[in-house]
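Visitor: Could you walk me through this one? I would like to know what stands behind the words people use for it.

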Amino acid sequence: MVPGWWTWADHREEVVPVMGADRSMVYLDGRFVPRSEAKLDVEDRGVLFADGVYEVLRAYGGHLYRAEAHLARLRQSLEGLRIAPPADVERLIGITLELLERNGRAEATVYWQVTRGVATRDRRMPAQPVPTVLVLTWPTAPLAVSEAELTCRSAILQPDRRWGRCWIKSLMLLDNVLAAQAAAAAAADEAIYHRDGTVTEGTAANVFIVHGGRLITTPADEAILAGITRARVIDIAAAAGLDLEQRHFNTTELATAEEVMLTGTTTNVAAVTNLDGVAIGSGEPGPVARQLHTALLDDIRQECGLEPGWS
Ligand code: PLP
């Protein structure tokens, strides 16, 4: 090769180090196969139309946190796209635990994807689709390492130009990609969406604020994904006797909130301390974020049977 030239393969190693270095097994089309041998059909409707749904969940100490809730949401998303759940969906938790074992991974981020399957390109749905089921796992830092501090995030506001069925966790994430990239270009960690000034959610997280002493989060309507973490945090807040309201709030309330939080499977609870370059509240994580963060980690530990301080 000419010195100084790079191939796409070299570049890919650079920009996607985890995937490039990953020699693990994945589950595809009913089989456990090495990552390097797993190939999607070029006419899979997931490739051609983003015609499919997905879930991201976490394994802590070999246990899948809130797995049943993720499975229930996967079913709802499939129903939203009118994809009949294939038999593998019934067995998805068992398949995932086996995959984690084969990969020797107790700490992992797990990805489930179900597409409508392979068919000659036509917008209309195929008469007898055979959905494609894919399961991936990525190594992830254990809880005890990642928990040390409540994560602080900076965010920018972005207009929400996604489709009107955001309650479906569909593969079609292009607006999320553009908004996340806009955040990265502004040296921020996340973009928070709004529709005509009404806050919806982040590109990969739900949003909570503390305003006037009340904890507020957007109602789980069609405009947002009903986060599994969001639901858990709502339960935790209720159990802790916090005053919680599910209502729409606008970007002014967001910017003038005492606290802003993001919740999500890969985020848990994170404090947004800076919005569009301006400090939120004191510019430090607030007491409610700290309380919810700690309580969520306790909940994870309890459900996954982890000892306090476990690593
Ligand atoms: N909203 C969006 C758009 C997301 O993509 C995600 C997760 O990826 C969430 C919210 C948080 O959902 P969960 O808590 O189920 O991970």
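Visitor: How many nonpolar, polar and charged residues are in the lining of the largest pocket?

Guide: The model here is a predicted one. The lining of the largest pocket has 15 nonpolar, 14 polar and eight charged residues. The space in this pocket comes to about 860 Å³. Among the 37 residues lining the pocket, those closest to its centre are Tyr 54, Lys 169, Thr 203, Ala 204 and Ala 205.

Visitor: Which element gives the largest share of the lining of the largest pocket?

Guide: That is H8, with five residues. Helix H8 spans 174–185, and strand S3 (52–60) and helix H4 (67–80) are among the other elements that supply at least two residues each.

Visitor: What takes up the space of the largest pocket?

Guide: The ligand does. Strand S9 (198–202), helix H9 (228–239) and strand S13 (259–264) are the elements that each give two or more residues to the shell around the ligand. This shell divides into five nonpolar, eight polar and four charged residues.

Visitor: What makes the pair between Glu 201 and the ligand a polar contact?

Guide: An N or O atom in the side chain of Glu 201 is 2.6 Å from a nitrogen atom of the ligand. The cut-off is 3.5 Å between N or O atoms, so this pair counts as a polar contact.

Visitor: Why does Lys 169 make a polar contact with the ligand?

Guide: A polar atom of the Lys 169 side chain is 3.1 Å from a ligand oxygen atom. That is within 3.5 Å, so the pair counts too. The protein covers 93% of the 390 Å² of accessible area that the ligand has on its own.

Technical notes:
Residues numbered from 1 in each chain as written. Predicted model: local features only at pLDDT ≥ 70, side-chain atom pairs only at ≥ 80, totals over all residues. Heavy atoms only, no water. Polar contact = N/O pair within 3.5 Å; in protein donor to acceptor, adjacent residues only side chain to side chain. Areas by Shrake-Rupley, 256 points an atom, 1.4 Å probe, with all protein chains shown as cover. 1 Å grid on protein atoms, 1.4 Å probe; cavity = no way out; pocket = protein on both sides within 12 Å on 5 of 7 lines; lining within 4 Å. Sits in = over half its atoms within 2 Å of the grid points. Helix = DSSP H or I, 4+ residues; strand = E, 2+ residues; numbered from the N terminus. Nonpolar A, V, L, I, M, F, W, Y, C, P; charged D, E, K, R; others polar. Points joined across faces, edges and corners; volume = space filled by probe spheres on them.
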